[in-house]
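Me: I would like to go through this model by asking what stands behind each term that is applied to it. Please set each value beside the cut-off it has to meet.

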Amino acid sequence: MTMRTLLVANRGEIALRIIRTARRLGLRTVAVHSDADTGAPHTRAADVAVRLGPTPAAESYLSIPALLAAAKESGADAVHPGYGFLSEQADFARAVVGAGLTWVGPPPGAMDAMARKDRAHEVARKAGVPVLGSLGNIRDGWFAGLGNLTFPVLVKAAAGGGGKGMRIVRGEDELGPAVAAARREAAAAFGDDTLLLERYVERGRHVEVQILADQHGNVLHLHERDCSAQRRHQKVLEEAPAPDLDPAVRDALHLWAVNLAQQVGYTGVGTAEFLVDTGQGIRGAWFLEMNTRLQVEHPVTEEVVTVRGQRIDLVEQQLRVAAGLELGFTQDDVAVTGHAIEARIYAEDAFGGFLPQAGTATRVRWPGHARVEAGIEDGSVVPAAYDPMVAKIITHGPDRETARNALVDALDATVIGGLVTNTGFVRALADSAAFRDGEVHTAWLDTHPLPAPDPGPALVAAAWAVAAAAARDGGDGWRPGGPPADTWVELDEEVVRVSVARGEVRRAGEPPASCRAAGDGLLEIDGVTARFEVDVRPWSVEVVTRGQTFRFVRPGAARPARAELSDGVVVAVMPGSLARVEVRDGDTVTAGQALGVLEAMKMEVALVAPADGVVRVRAAAGEQVAARQVLFEVTTGADDGAPGAASTGAGDD
């Protein structure tokens, strides 16, 4: 079938990525959007943009009727699902095909066979591919073989991935709560709360093989990626090829991936994921699952894999296969050149519990010497309703160390103002000795938390920028008719003394720091030169350095993120939905008792009582709440009903 108009059933950076290739191939493109994404970059990049519905994903990006109606309205004859949302839903694929449209993805039958982990393991066994022995399915919230378990074990959703519906359980007392939380997450993310129970490998490596197959029986592998740098099973850094992988293991993974695809009649692009226990050879490698779609990390494969000397475009290959064309090359034509690493950029507070963030990106600057796949720009609003990933930054080099250093430089040059992101966190990880030396395994980040960055240099840079601006403007930084005077700069609750003329910044109780401008955006502090992107406003100063954003309030500033709250108050740490309320107004509660659960960006945050007392419920279950909105107040007898200092009482479930 010939395709002329392609509808991309997704949003953000992946929609932009698909649209870019489709337009290069001469296809007319259709973007879809919810109300929250009206005017978003992906809607402007396409030839046509069609509204799906309100902001909630269930009424827009997850609505099959709305997507099919958009295809009909726009005249689309093909649908690309991207990743996430409905990309691995066989029912969506069948609906697209049933409407007479071309589905840019694998056959629905192959999706049925491989999209669920429990079924995929049966396919793997038939194909002679080793699997990590399943200890059983969990149904009705309990596991009959509890007495036979050896911990640790892994509870995981059968119907999806991305770390959602997954929990490590290290003891019998943790199993019940872990199962309950995983089932809720799985049901919310995938519409299926079936769970699997598996043996947990403590120091495993996550290695995945890229598969490409056409409708004429040709199945190839496009080598492998290493995605071991994860936090709570969510990938953070990905690279290709997998470094220091046993050649025998590498060959086995490639063969197994091809066998799996052949076993189910797979076509298109897919990924077979494996767990590798280093040092055990092929006896320490097991099939985990198959992603029946394009992966988030596909750019690292595109950066290193060549076909007859030319880099491959995986989206182009998907479109060719969907159109019924043969691949036109063989495994012998496929080679790997150099090394590539990708960093995922999320709107989340990596040094504040990894809580998802929402808001407006006021300043966005991407590095010029890296590949950037981004869904935001100056003025973009990041809503709380969807996954918080906003961009990917990818670097390539002739070897891993060159690519790693290039990634660190690229993250240094990345500026996202007005929005809290994890850029500083992934920059610190990429620059760490552990990542450099290949010591990071799938559980490493969960047991080796990276230290929060020191705000001191950023505060010095902020004070220097305020004083320098005053000096340029002829304000308080200069004494009329005489030499420059010192400038006193108040930031947050600290007063800093700055002398631009002497190149000196003094903070209370600390020795003076030497300061001098060292070029465009560069500042030398005590002999160390770094890039500081500073945005001075009347009421605040925002500083971005080494990827990390710091905000300092100036005198008289409103402090929306630092509301003066009293003791016993539990607030929403991010915008979202109050999914559950576990208490009634007027109940007596004890410190640590569960009050409710906040849900945002596919993440649950437990809300607990900060003290013993009587609880007042200030929001209803299911209510959409704003960041810092008061949800509960706990008062003690000594307070006479008056609440006292702020406490969120929140933590990851």
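**Terms and the values behind them**

Reply: Helix α15, which spans residues 456–472, lies across β33, β34 and β35 and runs at about 125° to β34. The model is a predicted one, and the protein has 15 helices and 45 strands.

Me: What makes β33, β34 and β35 an open sheet, and which strands stand at the edges?

Reply: The three strands follow the order β33-β34-β35 with antiparallel pairing. β33 (533–536) and β35 (548–553) each have a single partner strand, so each is left with one side that has no neighbour in the sheet, and these two are the edge strands. From one strand to the next, the twist averages 15°.

Me: How do you know that β34 and β35 count as paired?

Reply: Pairing requires at least two bridges between two strands, and six bridges join β34 (residues 540–545) to β35, the two running antiparallel. One residue pair illustrates this: Glu542 has Arg551 in β35 as its bridge partner.

Me: Why are α5 and α6 called roughly perpendicular to each other?

Reply: Helix α5 (residues 108–115) packs against helix α6 (residues 117–126) at an angle of about 100°, and their axes are 5 Å apart. Angles of 65 to 115 degrees count as roughly perpendicular, and α5 and α6 are therefore given that description.

Me: What makes up the contact between α5 and α6, residue by residue and by class?

Reply: On the α5 side there are Asp112, Ala113, Met114 and Ala115, which meet Lys117, Arg119, Ala120 and Val123 of α6. Sorted by class, this contact of α5 with α6 comprises five nonpolar and three charged residues, with no polar ones. Ala, Val and Met count as nonpolar, whereas Asp, Lys and Arg count as charged.

Me: Why is helix α12 described as mostly covered?

Reply: A residue is called buried when its relative accessible area is under 20%, and seven of the eight residues of α12 (residues 423–430) are buried. The buried residues are Thr423, Gly424, Phe425, Val426, Arg427, Leu429 and Ala430.

Me: What share of the protein as a whole is buried, and how much accessible surface does the protein have?

Reply: Of the 653 residues in the protein, 56% are buried. The accessible surface comes to about 26100 Å², and 50% of that surface belongs to carbon and sulfur atoms. As for contacts between residues at least 6 apart in sequence, 63% of them join residues at least 24 apart.

How values were computed
Residues numbered from 1 in each chain as written. Predicted model: local features only at pLDDT ≥ 70, side-chain atom pairs only at ≥ 80, totals over all residues. Heavy atoms only, no water. Helix = DSSP H or I, 4+ residues; strand = E, 2+ residues; numbered from the N terminus. Axes fitted to C-alpha atoms, helices over the stretch in contact; angles between N-to-C directions. Contact = heavy atoms within 4.5 Å. Buried < 20%, exposed > 50% of the residue type's maximum accessible area, 1.4 Å probe, protein only. Parallel < 35°, antiparallel > 145°, perpendicular 65-115°, else oblique. Areas by Shrake-Rupley, 256 points an atom, 1.4 Å probe, with all protein chains shown as cover.
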